[in-house]
Amino acid sequence: MESAVRGGTRWRRFAVVMVPSVAATAAIGVALAQGALAASFSVSGQQFKVKAKQVDGTGFAQYGGIDAGYAEMTGDKKVLRPVAISAFQNAKITEMCQSVVTDVPLLGKVTMRLEAGGGGKPVTAKQLYLDIAELDADATFTNIDIGVAAKDTAKPAGEGGRGPAIKPGDRIQENGFAQQADRAVLNNVEQKAWATTAGTFTLNGLSLRLSAGDKAECYKG
């Protein structure tokens with residue numbers, strides 16, 4: 001890794017998950033139960049996998065957060081899950097693959113696989129937020145700040161902010177640890193996520209297929 005914080009910083013394997021402390025998670029849970037915090041939507045009880053040849057984004061920020069979602073595939077029980085929220089003002093995603101495996105009664109496992117962004121026409125997104133559980137990639141950051149307060153990543157550029165606004169409904173520690181950069185380029189991306197939100201999400205060359213079993217997942221592991 002290059003020693004300079006300003007300029008390009010290259011991390012061979014990028015697998016950072018920043019989450020609030022257990023005490024903070026409990027406090028957020030109480031606030032949710034009391035209706036003090038709004039939830040943008042209830043996250044499903046399934047993670048999904050995303051693989052991409054490259055994610056090239058500008059206005060990058062990452063900080064810890066909490067997703068409230070269903071505990072299982074059936075029922076109304078909800079749980080809180082820690083996530084790393086990766087946010088981009090703008091992003092291009094090359095050769096994106098997204099998959100989720102579901103156990104369907106009477107049929108067994110069925111994989112839904114979505115592909116887009118090939119043939120020289122990448123997926124494009126504005127105001128992109130990824131609620132990540134795991135991430136592996138080869139990453140390069142331009143003008144990176146590590147250790148900035150999460151809420152300050154959303155300040156205007158003239159006041160030191162780099163990332164997009166904090167998404168309404170997101171439950172974060174405003175003064176918690178975060179990092180931001182003018183640009184983030186992630187190659188050979190493999191991630192597990194709970195949710196994705198975007199202002200606009202353009203899927204060029206979209207292909208969606210269902211197949212029996214789990215052999216069509218974007219990647220194993």
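Here are three short exercises on salt bridges in the structure above.

This is a predicted model, so local features need pLDDT of at least 70 and side-chain atom pairs count only at pLDDT 80 or more, while totals for chains, interfaces and linings use all residues. Residues are numbered from 1 along each chain as its sequence is written, and side-chain values use heavy atoms, leaving out hydrogens and water.

**Exercise 1.** Find which residue forms a salt bridge with aspartate 214, and where the two sit.

Start with the rule: a salt bridge is a side-chain nitrogen of Lys or Arg within 4 Å of a carboxyl oxygen of Asp or Glu. The partner is lysine 109, with the closest N and O atoms 3.8 Å apart. Next, placement: aspartate 214 lies in the segment after strand 8 (207-212) and lysine 109 in strand 4 (residues 108-116), 105 residues apart. Strands here are DSSP runs (E, at least two residues), numbered from the N terminus.

**Exercise 2.** Work out whether aspartate 145 and arginine 162 are buried or exposed.

First, the contact: their side chains meet in a salt bridge at 3.1 Å, N to O. Then the cut-offs: buried means under 20% relative accessible area, exposed over 50%, partly exposed in between (1.4 Å probe, protein chains only). Both residues turn out buried.

**Exercise 3.** Classify glutamate 217 and lysine 220, then name their network.

Begin with the pair itself: the closest N and O atoms of this salt bridge are 3.7 Å apart. Glutamate 217 counts as buried because its relative accessibility is 17%; lysine 220, at 53%, counts as exposed. Finally, salt bridges with shared partners join Lys49, Glu217 and Lys220 into one network.

How values were computed: Helices (H or I, at least four residues) and strands (E, at least two) are DSSP runs, numbered from the N terminus.
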